[in-house]
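Hello,

Here is the structure I promised to pass on to you. Please open it beside this email, and then read on for what turned up.

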Amino acid sequence: MRPLPGSERAPARGVVPTAAELSREGTIEATVVLRRRAAVDTEAVLAAAPMSREALAESMGADPRDVGLVVSTLGSLGVTVVSTDLASRRVRISGTVATMGRVFGVQLQAVTSLAADGSPASHRHRTGGLMVPAALDGVITAVLGLDDRPQARAEFRVADARAVSVSYTPTELGEIYRFPPGTDGSGQTIAIIELGGGFAQAELSAYFTSLGITGPTVTAVGVDGVKNQAGKDPAGADGEVLLDIEVAGALSPGSEIVVYFAPNTDAGFVDAVSEAAHASTTPTSMSISWGQNEDAWTGQARRTLDDAFLDAAALGITVTAAAGDNGSSDGANDDRDHADFPASSPHVLACGGTSLRASGGTVRSETVWNNGAGGGATGGGVSDVFALPAWQQRVGVPASGTQSGGRGVPDVAAVADPTTGYAVLVDGEHKVYGGTSAVAPLWAALVARLAQATGRPLGLLQPTFYRAAGTGESEAGFRDVISGNNGSFSAKPGWDACTGLGVPDGVALLALVKAQPGR
(Lines give C-alpha, C1' and ligand atoms only; values in the text may rest on other atoms or scores of the structure.)
Protein backbone atom coordinates (compact mmCIF):
# COMPACT_ATOMS: atom_id res chain seq x y z
CA MET A 1 0.00 0.00 0.00
CA ARG A 2 1.17 3.53 -0.79
CA PRO A 3 -0.09 6.91 0.54
CA LEU A 4 -2.25 8.95 -1.87
CA PRO A 5 -0.92 12.54 -1.89
CA GLY A 6 -3.50 15.24 -1.20
CA SER A 7 -6.10 12.84 0.21
CA GLU A 8 -5.75 14.00 3.84
CA ARG A 9 -9.12 15.04 5.20
CA ALA A 10 -9.87 17.00 8.37
CA PRO A 11 -12.87 16.18 10.55
CA ALA A 12 -16.17 17.66 9.40
CA ARG A 13 -17.48 20.66 11.33
CA GLY A 14 -19.53 19.69 14.37
CA VAL A 15 -19.12 15.98 13.66
CA VAL A 16 -21.00 13.54 15.94
CA PRO A 17 -20.97 9.75 15.41
CA THR A 18 -24.45 8.27 14.99
CA ALA A 19 -25.73 5.44 17.12
CA ALA A 20 -26.04 3.12 14.11
CA GLU A 21 -22.78 1.93 12.56
CA LEU A 22 -22.27 1.59 8.83
CA SER A 23 -23.03 -1.91 7.64
CA ARG A 24 -19.76 -3.48 6.57
CA GLU A 25 -21.67 -5.31 3.83
CA GLY A 26 -23.45 -2.19 2.57
CA THR A 27 -22.43 -1.15 -0.96
CA ILE A 28 -21.02 2.29 -1.69
CA GLU A 29 -19.66 3.96 -4.83
CA ALA A 30 -16.67 6.24 -5.41
CA THR A 31 -14.83 7.94 -8.27
CA VAL A 32 -11.20 7.09 -8.99
CA VAL A 33 -9.23 9.58 -11.10
CA LEU A 34 -6.14 8.60 -13.08
CA ARG A 35 -3.07 10.50 -14.23
CA ARG A 36 -2.92 12.00 -17.71
CA ARG A 37 -1.21 9.84 -20.30
CA ALA A 38 1.47 12.53 -20.75
CA ALA A 39 2.50 15.82 -19.18
CA VAL A 40 0.43 18.75 -20.43
CA ASP A 41 1.81 22.14 -21.47
CA THR A 42 -1.06 24.18 -20.05
CA GLU A 43 -0.14 27.46 -21.74
CA ALA A 44 0.12 25.76 -25.13
CA VAL A 45 -3.22 24.00 -24.65
CA LEU A 46 -5.00 27.23 -23.72
CA ALA A 47 -3.44 29.14 -26.61
CA ALA A 48 -4.37 26.51 -29.20
CA ALA A 49 -7.66 26.12 -31.04
CA PRO A 50 -10.37 24.23 -29.17
CA MET A 51 -9.93 20.49 -29.57
CA SER A 52 -12.49 17.76 -30.03
CA ARG A 53 -13.33 15.35 -27.23
CA GLU A 54 -11.63 12.60 -29.23
CA ALA A 55 -8.44 14.64 -29.63
CA LEU A 56 -8.48 15.54 -25.94
CA ALA A 57 -8.83 11.88 -24.98
CA GLU A 58 -5.90 11.02 -27.20
CA SER A 59 -3.57 13.75 -25.92
CA MET A 60 -4.74 14.60 -22.39
CA GLY A 61 -6.85 11.64 -21.30
CA ALA A 62 -5.90 8.49 -19.44
CA ASP A 63 -3.62 5.87 -20.95
CA PRO A 64 -5.70 2.77 -21.83
CA ARG A 65 -2.98 0.66 -20.20
CA ASP A 66 -3.44 2.58 -16.94
CA VAL A 67 -7.18 2.01 -17.13
CA GLY A 68 -6.61 -1.68 -17.72
CA LEU A 69 -4.22 -1.90 -14.77
CA VAL A 70 -6.67 -0.13 -12.46
CA VAL A 71 -9.58 -2.32 -13.57
CA SER A 72 -7.63 -5.57 -13.13
CA THR A 73 -5.96 -4.59 -9.85
CA LEU A 74 -9.09 -3.30 -8.15
CA GLY A 75 -11.14 -6.18 -9.55
CA SER A 76 -8.73 -8.69 -8.04
CA LEU A 77 -9.27 -7.02 -4.66
CA GLY A 78 -13.05 -7.32 -4.79
CA VAL A 79 -13.94 -3.86 -6.14
CA THR A 80 -16.48 -3.65 -8.98
CA VAL A 81 -15.81 -1.28 -11.88
CA VAL A 82 -19.06 0.46 -12.83
CA SER A 83 -17.78 2.59 -15.73
CA THR A 84 -14.62 4.04 -17.26
CA ASP A 85 -14.00 7.19 -19.30
CA LEU A 86 -10.64 7.79 -20.97
CA ALA A 87 -11.20 11.46 -21.81
CA SER A 88 -12.05 12.57 -18.27
CA ARG A 89 -9.75 9.91 -16.72
CA ARG A 90 -12.46 8.67 -14.37
CA VAL A 91 -13.24 5.16 -13.20
CA ARG A 92 -16.47 4.76 -11.24
CA ILE A 93 -16.25 1.91 -8.71
CA SER A 94 -18.42 0.17 -6.14
CA GLY A 95 -17.81 -2.21 -3.28
CA THR A 96 -18.82 -3.02 0.24
CA VAL A 97 -17.82 -0.71 3.07
CA ALA A 98 -15.46 -3.43 4.30
CA THR A 99 -13.84 -3.89 0.89
CA MET A 100 -13.44 -0.18 0.18
CA GLY A 101 -11.94 0.35 3.63
CA ARG A 102 -9.46 -2.47 3.12
CA VAL A 103 -8.43 -1.48 -0.43
CA PHE A 104 -7.97 2.24 0.35
CA GLY A 105 -6.75 1.96 3.95
CA VAL A 106 -9.57 3.91 5.54
CA GLN A 107 -12.14 3.53 8.29
CA LEU A 108 -15.57 4.94 7.45
CA GLN A 109 -18.09 6.05 10.06
CA ALA A 110 -21.74 7.07 10.01
CA VAL A 111 -21.97 10.60 11.44
CA THR A 112 -23.92 13.82 11.47
CA SER A 113 -22.16 17.15 10.96
CA LEU A 114 -22.84 20.71 9.92
CA ALA A 115 -22.91 21.34 6.20
CA ALA A 116 -21.36 24.44 4.65
CA ASP A 117 -24.64 26.34 5.06
CA GLY A 118 -24.90 25.36 8.74
CA SER A 119 -27.63 22.76 8.30
CA PRO A 120 -27.25 19.26 9.79
CA ALA A 121 -26.27 16.44 7.45
CA SER A 122 -25.91 12.68 7.83
CA HIS A 123 -23.11 11.06 5.87
CA ARG A 124 -20.11 8.75 5.75
CA HIS A 125 -17.02 10.25 7.32
CA ARG A 126 -13.30 9.70 7.33
CA THR A 127 -10.21 11.56 8.53
CA GLY A 128 -6.55 11.40 7.57
CA GLY A 129 -5.18 10.15 4.28
CA LEU A 130 -5.99 7.33 1.88
CA MET A 131 -3.81 4.51 0.59
CA VAL A 132 -3.75 2.84 -2.83
CA PRO A 133 -2.41 -0.57 -3.85
CA ALA A 134 1.33 -0.45 -4.58
CA ALA A 135 0.75 -1.41 -8.23
CA LEU A 136 -1.34 1.75 -8.68
CA ASP A 137 1.04 4.19 -6.97
CA GLY A 138 1.28 7.27 -9.20
CA VAL A 139 -1.43 5.93 -11.53
CA ILE A 140 -4.34 6.93 -9.28
CA THR A 141 -4.36 10.66 -8.49
CA ALA A 142 -7.62 10.86 -6.51
CA VAL A 143 -10.23 8.70 -4.82
CA LEU A 144 -13.38 10.74 -4.21
CA GLY A 145 -16.69 10.03 -2.54
CA LEU A 146 -15.78 7.54 0.16
CA ASP A 147 -16.50 10.37 2.60
CA ASP A 148 -19.73 11.85 1.22
CA ARG A 149 -20.08 14.91 3.44
CA PRO A 150 -21.72 17.94 1.75
CA GLN A 151 -18.92 19.69 -0.14
CA ALA A 152 -20.32 23.03 -1.27
CA ARG A 153 -22.99 25.62 -0.57
CA ALA A 154 -25.29 27.40 -2.97
CA GLU A 155 -24.21 31.04 -3.29
CA PHE A 156 -27.66 32.67 -3.25
CA ARG A 157 -29.69 34.79 -0.84
CA VAL A 158 -33.44 35.36 -0.69
CA ALA A 159 -34.36 38.97 -0.06
CA ASP A 160 -36.57 39.94 2.84
CA ALA A 161 -39.50 41.56 1.03
CA ARG A 162 -39.36 44.52 3.42
CA ALA A 163 -35.71 45.17 2.54
CA VAL A 164 -36.06 45.19 -1.26
CA SER A 165 -35.51 48.68 -2.63
CA VAL A 166 -35.62 47.70 -6.31
CA SER A 167 -35.57 44.51 -8.33
CA TYR A 168 -34.94 43.60 -11.95
CA THR A 169 -36.03 40.90 -14.33
CA PRO A 170 -33.13 39.27 -16.18
CA THR A 171 -34.30 40.87 -19.43
CA GLU A 172 -34.08 44.30 -17.81
CA LEU A 173 -30.52 43.49 -16.73
CA GLY A 174 -29.73 42.49 -20.29
CA GLU A 175 -30.62 46.04 -21.31
CA ILE A 176 -28.74 47.64 -18.41
CA TYR A 177 -25.61 45.64 -19.16
CA ARG A 178 -26.05 46.15 -22.93
CA PHE A 179 -26.14 42.53 -24.03
CA PRO A 180 -25.46 42.55 -27.79
CA PRO A 181 -28.65 43.29 -29.74
CA GLY A 182 -29.59 40.86 -32.46
CA THR A 183 -28.36 37.90 -30.41
CA ASP A 184 -30.30 35.40 -28.30
CA GLY A 185 -27.83 32.53 -27.91
CA SER A 186 -29.21 30.52 -30.82
CA GLY A 187 -27.05 27.54 -31.71
CA GLN A 188 -25.34 27.56 -28.29
CA THR A 189 -25.59 25.24 -25.30
CA ILE A 190 -25.35 26.35 -21.67
CA ALA A 191 -24.55 23.68 -19.06
CA ILE A 192 -25.62 24.36 -15.47
CA ILE A 193 -24.19 22.40 -12.53
CA GLU A 194 -26.55 21.73 -9.62
CA LEU A 195 -25.86 19.80 -6.40
CA GLY A 196 -29.48 19.45 -5.32
CA GLY A 197 -32.98 20.70 -5.99
CA GLY A 198 -35.01 20.55 -9.15
CA PHE A 199 -37.34 22.33 -11.57
CA ALA A 200 -40.71 21.82 -13.23
CA GLN A 201 -41.02 22.70 -16.91
CA ALA A 202 -44.46 24.21 -16.35
CA GLU A 203 -43.03 26.70 -13.87
CA LEU A 204 -40.25 27.71 -16.24
CA SER A 205 -42.75 28.18 -19.04
CA ALA A 206 -44.93 30.36 -16.79
CA TYR A 207 -41.95 32.51 -15.84
CA PHE A 208 -40.71 33.04 -19.37
CA THR A 209 -44.25 33.79 -20.57
CA SER A 210 -44.54 36.44 -17.86
CA LEU A 211 -41.48 38.11 -19.40
CA GLY A 212 -43.04 38.02 -22.85
CA ILE A 213 -40.50 35.58 -24.28
CA THR A 214 -40.36 31.99 -25.43
CA GLY A 215 -37.93 30.27 -23.13
CA PRO A 216 -35.16 27.87 -24.05
CA THR A 217 -35.33 24.09 -24.23
CA VAL A 218 -34.22 22.80 -20.81
CA THR A 219 -33.01 19.22 -20.30
CA ALA A 220 -32.10 17.52 -17.02
CA VAL A 221 -29.24 15.01 -16.77
CA GLY A 222 -28.74 12.85 -13.69
CA VAL A 223 -25.25 12.13 -12.38
CA ASP A 224 -24.24 9.46 -9.83
CA GLY A 225 -27.85 8.46 -9.21
CA VAL A 226 -29.23 11.97 -8.55
CA LYS A 227 -32.14 13.23 -10.62
CA ASN A 228 -34.17 16.40 -11.09
CA GLN A 229 -36.61 16.52 -8.16
CA ALA A 230 -38.98 19.42 -8.63
CA GLY A 231 -40.60 20.97 -5.58
CA LYS A 232 -38.71 18.87 -3.03
CA ASP A 233 -36.70 21.72 -1.52
CA PRO A 234 -38.50 25.05 -2.04
CA ALA A 235 -36.61 26.74 0.80
CA GLY A 236 -33.21 25.54 -0.35
CA ALA A 237 -31.68 24.08 -3.49
CA ASP A 238 -34.80 24.57 -5.65
CA GLY A 239 -34.19 28.30 -5.34
CA GLU A 240 -30.69 27.87 -6.70
CA VAL A 241 -31.82 25.70 -9.60
CA LEU A 242 -34.67 27.95 -10.68
CA LEU A 243 -32.63 31.12 -10.25
CA ASP A 244 -29.88 29.72 -12.48
CA ILE A 245 -32.20 28.49 -15.22
CA GLU A 246 -34.44 31.56 -15.22
CA VAL A 247 -31.52 34.01 -15.39
CA ALA A 248 -29.63 32.09 -18.08
CA GLY A 249 -32.79 31.24 -20.02
CA ALA A 250 -34.24 34.75 -20.01
CA LEU A 251 -30.95 36.28 -21.13
CA SER A 252 -30.13 33.63 -23.73
CA PRO A 253 -33.51 32.21 -24.74
CA GLY A 254 -32.26 30.79 -28.03
CA SER A 255 -29.78 28.50 -26.29
CA GLU A 256 -30.22 24.91 -25.28
CA ILE A 257 -29.85 24.57 -21.49
CA VAL A 258 -28.69 21.28 -19.97
CA VAL A 259 -28.86 21.00 -16.18
CA TYR A 260 -26.63 18.41 -14.50
CA PHE A 261 -27.89 17.18 -11.14
CA ALA A 262 -25.30 15.48 -8.91
CA PRO A 263 -24.78 14.69 -5.22
CA ASN A 264 -23.34 17.52 -3.12
CA THR A 265 -20.05 15.66 -2.56
CA ASP A 266 -16.53 16.07 -3.91
CA ALA A 267 -17.11 13.11 -6.25
CA GLY A 268 -20.49 14.45 -7.36
CA PHE A 269 -19.05 17.88 -8.16
CA VAL A 270 -16.19 16.42 -10.21
CA ASP A 271 -18.45 13.96 -12.01
CA ALA A 272 -21.03 16.63 -12.91
CA VAL A 273 -18.41 19.01 -14.34
CA SER A 274 -16.73 16.17 -16.24
CA GLU A 275 -20.02 14.88 -17.67
CA ALA A 276 -20.94 18.39 -18.80
CA ALA A 277 -17.55 19.17 -20.31
CA HIS A 278 -17.30 15.88 -22.18
CA ALA A 279 -20.91 15.69 -23.36
CA SER A 280 -21.60 14.69 -26.96
CA THR A 281 -22.63 18.30 -27.62
CA THR A 282 -19.90 20.51 -26.17
CA PRO A 283 -21.44 23.41 -24.25
CA THR A 284 -20.50 26.99 -25.06
CA SER A 285 -20.53 27.96 -21.40
CA MET A 286 -20.91 26.23 -18.03
CA SER A 287 -22.44 27.99 -15.02
CA ILE A 288 -21.55 27.01 -11.44
CA SER A 289 -23.24 28.68 -8.47
CA TRP A 290 -21.90 26.34 -5.78
CA GLY A 291 -18.63 26.67 -3.88
CA GLN A 292 -16.76 26.66 -0.60
CA ASN A 293 -13.57 28.26 0.71
CA GLU A 294 -10.39 26.67 -0.55
CA ASP A 295 -9.40 25.18 2.83
CA ALA A 296 -12.60 23.13 2.97
CA TRP A 297 -11.46 20.94 0.05
CA THR A 298 -8.92 18.15 0.05
CA GLY A 299 -5.94 18.78 -2.17
CA GLN A 300 -6.91 15.87 -4.43
CA ALA A 301 -10.46 17.15 -4.93
CA ARG A 302 -9.34 20.71 -5.65
CA ARG A 303 -6.68 19.52 -8.09
CA THR A 304 -9.05 17.12 -9.86
CA LEU A 305 -11.79 19.72 -10.29
CA ASP A 306 -9.27 22.26 -11.59
CA ASP A 307 -8.07 19.64 -14.09
CA ALA A 308 -11.67 19.21 -15.23
CA PHE A 309 -11.85 22.96 -15.82
CA LEU A 310 -8.63 22.79 -17.86
CA ASP A 311 -10.30 20.11 -19.98
CA ALA A 312 -13.31 22.39 -20.41
CA ALA A 313 -11.14 25.31 -21.52
CA ALA A 314 -9.25 23.04 -23.93
CA LEU A 315 -12.60 22.04 -25.46
CA GLY A 316 -13.53 25.73 -25.91
CA ILE A 317 -15.94 25.98 -22.96
CA THR A 318 -16.12 29.13 -20.83
CA VAL A 319 -16.81 28.20 -17.19
CA THR A 320 -18.38 30.89 -14.98
CA ALA A 321 -18.42 30.46 -11.19
CA ALA A 322 -19.85 32.43 -8.27
CA ALA A 323 -17.19 34.11 -6.10
CA GLY A 324 -19.15 33.65 -2.86
CA ASP A 325 -21.60 35.57 -0.71
CA ASN A 326 -19.70 35.93 2.56
CA GLY A 327 -17.21 38.71 1.93
CA SER A 328 -13.45 38.43 2.04
CA SER A 329 -13.56 35.78 4.81
CA ASP A 330 -15.75 33.52 2.66
CA GLY A 331 -17.61 32.57 5.81
CA ALA A 332 -14.63 31.02 7.59
CA ASN A 333 -14.24 31.61 11.33
CA ASP A 334 -10.46 31.72 11.57
CA ASP A 335 -9.98 35.51 11.25
CA ARG A 336 -8.37 35.02 7.84
CA ASP A 337 -9.36 35.92 4.31
CA HIS A 338 -10.27 33.11 1.94
CA ALA A 339 -11.01 32.81 -1.76
CA ASP A 340 -13.93 30.63 -2.77
CA PHE A 341 -13.32 27.53 -4.89
CA PRO A 342 -14.03 26.71 -7.71
CA ALA A 343 -14.09 30.45 -8.51
CA SER A 344 -10.39 30.62 -7.57
CA SER A 345 -9.42 28.17 -10.31
CA PRO A 346 -7.40 30.01 -12.98
CA HIS A 347 -9.44 28.13 -15.59
CA VAL A 348 -12.74 29.65 -14.41
CA LEU A 349 -14.24 33.12 -14.96
CA ALA A 350 -14.86 34.20 -11.35
CA CYS A 351 -18.02 36.28 -10.85
CA GLY A 352 -18.35 38.85 -8.05
CA GLY A 353 -21.32 40.97 -7.02
CA THR A 354 -22.56 44.55 -6.91
CA SER A 355 -25.45 46.58 -5.58
CA LEU A 356 -27.23 48.22 -8.51
CA ARG A 357 -29.67 51.09 -8.71
CA ALA A 358 -31.02 51.79 -12.16
CA SER A 359 -34.24 52.95 -13.76
CA GLY A 360 -35.37 52.99 -17.34
CA GLY A 361 -32.20 51.17 -18.35
CA THR A 362 -30.04 53.97 -16.93
CA VAL A 363 -27.62 53.22 -14.08
CA ARG A 364 -27.81 55.68 -11.22
CA SER A 365 -25.20 53.94 -9.08
CA GLU A 366 -23.39 50.62 -8.82
CA THR A 367 -21.21 49.75 -5.86
CA VAL A 368 -19.65 46.69 -4.25
CA TRP A 369 -22.29 44.46 -2.67
CA ASN A 370 -21.81 44.49 1.10
CA ASN A 371 -24.86 44.49 3.37
CA GLY A 372 -22.85 44.12 6.56
CA ALA A 373 -22.69 41.31 9.12
CA GLY A 374 -25.24 38.64 8.30
CA GLY A 375 -26.49 40.47 5.23
CA GLY A 376 -24.03 39.07 2.74
CA ALA A 377 -21.24 40.55 0.69
CA THR A 378 -19.47 39.60 -2.49
CA GLY A 379 -16.63 37.12 -2.15
CA GLY A 380 -13.22 38.09 -3.43
CA GLY A 381 -9.59 37.91 -2.49
CA VAL A 382 -6.44 36.01 -3.32
CA SER A 383 -5.99 32.28 -3.70
CA ASP A 384 -3.77 30.46 -1.24
CA VAL A 385 -3.25 27.52 -3.61
CA PHE A 386 -3.36 28.73 -7.23
CA ALA A 387 -0.47 30.82 -8.52
CA LEU A 388 -0.89 34.23 -10.14
CA PRO A 389 -1.79 33.65 -13.83
CA ALA A 390 0.20 35.45 -16.51
CA TRP A 391 -2.86 37.43 -17.58
CA GLN A 392 -3.26 38.93 -14.06
CA GLN A 393 0.35 39.95 -13.50
CA ARG A 394 -0.11 43.64 -14.29
CA VAL A 395 -3.24 44.39 -12.26
CA GLY A 396 -1.78 44.65 -8.76
CA VAL A 397 -3.17 41.52 -7.10
CA PRO A 398 -2.13 41.80 -3.43
CA ALA A 399 -0.15 39.09 -1.65
CA SER A 400 -2.16 36.36 0.05
CA GLY A 401 -1.55 34.95 3.50
CA THR A 402 0.52 32.04 2.22
CA GLN A 403 2.15 33.11 -1.03
CA SER A 404 3.39 36.27 -2.72
CA GLY A 405 1.67 35.64 -6.05
CA GLY A 406 -1.80 34.12 -5.86
CA ARG A 407 -4.65 34.17 -8.36
CA GLY A 408 -6.94 37.14 -7.72
CA VAL A 409 -10.72 36.71 -7.42
CA PRO A 410 -13.07 37.76 -9.01
CA ASP A 411 -12.52 38.56 -12.70
CA VAL A 412 -15.90 40.17 -13.44
CA ALA A 413 -19.12 41.15 -11.69
CA ALA A 414 -22.80 42.04 -11.97
CA VAL A 415 -25.62 42.79 -9.54
CA ALA A 416 -25.85 40.34 -6.62
CA ASP A 417 -27.31 42.37 -3.74
CA PRO A 418 -30.67 40.73 -2.85
CA THR A 419 -32.11 44.14 -1.92
CA THR A 420 -31.52 45.20 -5.54
CA GLY A 421 -31.89 41.69 -6.89
CA TYR A 422 -33.47 39.40 -9.43
CA ALA A 423 -37.25 38.94 -9.73
CA VAL A 424 -37.76 35.19 -10.20
CA LEU A 425 -40.40 32.49 -9.75
CA VAL A 426 -39.53 29.68 -7.30
CA ASP A 427 -41.91 26.83 -6.52
CA GLY A 428 -44.93 28.97 -7.33
CA GLU A 429 -43.82 32.07 -5.44
CA HIS A 430 -42.58 35.32 -6.94
CA LYS A 431 -39.49 36.31 -4.97
CA VAL A 432 -36.40 38.48 -5.22
CA TYR A 433 -33.09 36.63 -5.08
CA GLY A 434 -29.51 37.80 -4.91
CA GLY A 435 -26.07 36.37 -4.42
CA THR A 436 -23.19 35.76 -6.78
CA SER A 437 -25.18 32.63 -7.74
CA ALA A 438 -27.14 34.87 -10.08
CA VAL A 439 -24.02 36.42 -11.59
CA ALA A 440 -22.59 33.13 -12.89
CA PRO A 441 -25.61 32.30 -15.11
CA LEU A 442 -25.85 35.95 -16.23
CA TRP A 443 -22.28 35.76 -17.50
CA ALA A 444 -22.82 32.28 -18.97
CA ALA A 445 -25.72 33.71 -20.97
CA LEU A 446 -23.63 36.67 -22.12
CA VAL A 447 -20.86 34.30 -23.24
CA ALA A 448 -23.41 32.31 -25.27
CA ARG A 449 -24.53 35.47 -27.04
CA LEU A 450 -20.96 36.60 -27.67
CA ALA A 451 -20.16 33.17 -29.11
CA GLN A 452 -23.24 33.33 -31.33
CA ALA A 453 -22.17 36.74 -32.65
CA THR A 454 -18.56 35.70 -33.29
CA GLY A 455 -19.39 32.27 -34.65
CA ARG A 456 -16.85 30.47 -32.47
CA PRO A 457 -16.40 29.07 -28.98
CA LEU A 458 -14.58 31.43 -26.62
CA GLY A 459 -13.00 29.14 -24.01
CA LEU A 460 -10.82 30.88 -21.43
CA LEU A 461 -11.72 34.57 -21.81
CA GLN A 462 -9.39 36.11 -19.22
CA PRO A 463 -6.41 36.64 -21.58
CA THR A 464 -8.70 38.73 -23.79
CA PHE A 465 -10.44 40.52 -20.93
CA TYR A 466 -7.19 41.43 -19.17
CA ARG A 467 -5.34 42.52 -22.33
CA ALA A 468 -5.38 46.23 -21.39
CA ALA A 469 -5.54 45.76 -17.64
CA GLY A 470 -2.72 47.43 -15.75
CA THR A 471 -1.36 49.25 -18.80
CA GLY A 472 -3.08 52.56 -18.14
CA GLU A 473 -5.53 51.99 -20.96
CA SER A 474 -9.24 51.93 -20.24
CA GLU A 475 -10.69 48.50 -19.45
CA ALA A 476 -12.45 47.91 -22.75
CA GLY A 477 -15.77 46.12 -22.39
CA PHE A 478 -16.34 46.93 -18.72
CA ARG A 479 -17.87 49.61 -16.58
CA ASP A 480 -15.59 49.95 -13.56
CA VAL A 481 -17.00 49.78 -10.02
CA ILE A 482 -14.88 51.95 -7.73
CA SER A 483 -16.92 52.32 -4.54
CA GLY A 484 -17.37 49.95 -1.61
CA ASN A 485 -15.59 47.00 0.01
CA ASN A 486 -16.16 43.33 0.84
CA GLY A 487 -14.37 43.38 4.19
CA SER A 488 -10.59 43.39 3.76
CA PHE A 489 -10.58 44.60 0.16
CA SER A 490 -11.83 47.88 -1.30
CA ALA A 491 -12.90 48.83 -4.79
CA LYS A 492 -10.54 51.02 -6.79
CA PRO A 493 -9.99 52.03 -10.41
CA GLY A 494 -9.01 49.00 -12.47
CA TRP A 495 -9.07 45.45 -11.16
CA ASP A 496 -9.85 44.87 -7.49
CA ALA A 497 -10.69 41.89 -5.26
CA CYS A 498 -14.35 42.94 -4.98
CA THR A 499 -15.70 43.27 -8.52
CA GLY A 500 -12.69 42.33 -10.66
CA LEU A 501 -12.52 44.30 -13.89
CA GLY A 502 -16.08 45.54 -13.40
CA VAL A 503 -19.54 44.86 -14.80
CA PRO A 504 -20.17 44.09 -18.46
CA ASP A 505 -20.83 46.40 -21.33
CA GLY A 506 -21.93 43.64 -23.68
CA VAL A 507 -21.72 45.67 -26.88
CA ALA A 508 -18.18 46.77 -26.09
CA LEU A 509 -17.23 43.24 -25.03
CA LEU A 510 -18.40 41.92 -28.37
CA ALA A 511 -16.15 44.40 -30.15
CA LEU A 512 -13.27 43.39 -27.88
CA VAL A 513 -13.78 39.67 -28.51
CA LYS A 514 -14.15 40.18 -32.27
CA ALA A 515 -10.89 42.16 -32.33
CA GLN A 516 -8.95 39.27 -30.82
CA PRO A 517 -7.82 36.45 -33.11
CA GLY A 518 -9.74 33.24 -32.57
CA ARG A 519 -8.02 30.31 -30.94
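Below I go from the whole protein to one helix and then to the aromatic rings.

Please keep in mind that this is a predicted model.

**The whole protein**

The protein contains 12 helices and 27 strands. Its radius of gyration is 22 Å, and a compact globule of 519 residues would have one near 24 Å, so the two agree. Along the principal axes, the C-alpha atoms take up a box of roughly 65 × 50 × 45 Å.

Of the 519 residues, 58% count as buried. If you look at contacts between residues at least 6 apart in sequence, 80% of them join residues at least 24 apart. The accessible surface amounts to about 18300 Å², and carbon and sulfur atoms account for 50% of that. As for charges, there are 37 positive and 54 negative ones, and their mean positions lie 3 Å apart.

**Helix H4**

Have a look at helix H4, which covers residues 97-104. Why can this helix be called largely enclosed by the rest of the structure? The reason is that 7 of its 8 residues are buried, where buried means under 20% relative accessible area. The buried residues are Val97, Ala98, Thr99, Met100, Gly101, Val103 and Phe104.

What do these buried residues pack against? Their partners include helix H3 (64-76) and four strands: S3 (27-34), S5 (90-96), S8 (131-132) and S9 (140-144). Just after H4 comes Gly105, with a positive phi of about 60°.

**Aromatic rings**

How many aromatic pairs does the structure hold? There are 10 of them. One is formed by Trp391 and Tyr466: their ring centres are 5.2 Å apart and their planes meet at 40°, so this pair is tilted, a term used here for angles that are neither under 30 degrees nor over 60.

This pair also ties together parts of the protein that are 75 residues apart in sequence, because Trp391 sits in the loop between strand S21 (381-387) and strand S22 (406-409), while Tyr466 belongs to the loop between helix H11 (462-465) and strand S26 (478-479). Are these two residues buried or exposed? Both Trp391 and Tyr466 are buried.

Elsewhere in the model, Phe269, Trp297, Phe341 and Phe386 are linked into a cluster by ring pairs.

Happy browsing, and best wishes!

Note on methods
Residues are numbered from 1 along each chain as its sequence is written. This is a predicted model: local features need pLDDT of at least 70, side-chain atom pairs count only at pLDDT 80 or more; totals for chains, interfaces and linings use all residues. Side-chain values use heavy atoms; hydrogens and water are left out. Rings of Phe, Tyr and Trp (its six-membered ring) pair if their centres lie within 6.5 Å; planes under 30 degrees apart count as stacked, over 60 as edge-to-face and the rest as tilted. Helices (H or I, at least four residues) and strands (E, at least two) are DSSP runs, numbered from the N terminus. Buried means under 20% relative accessible area, exposed over 50%, partly exposed in between (1.4 Å probe, protein chains only). The radius of gyration is taken over C-alpha atoms; the globule rule is 2.2 Å times the number of residues to the power 0.38. Contact means heavy atoms within 4.5 Å. Accessible areas come from the Shrake-Rupley method with a 1.4 Å probe; for residues, only the protein chains shown count as cover. Lys and Arg count as positive and Asp and Glu as negative; His and the chain ends are not counted. The place of a charge is taken as NZ of Lys, CZ of Arg, CG of Asp or CD of Glu.
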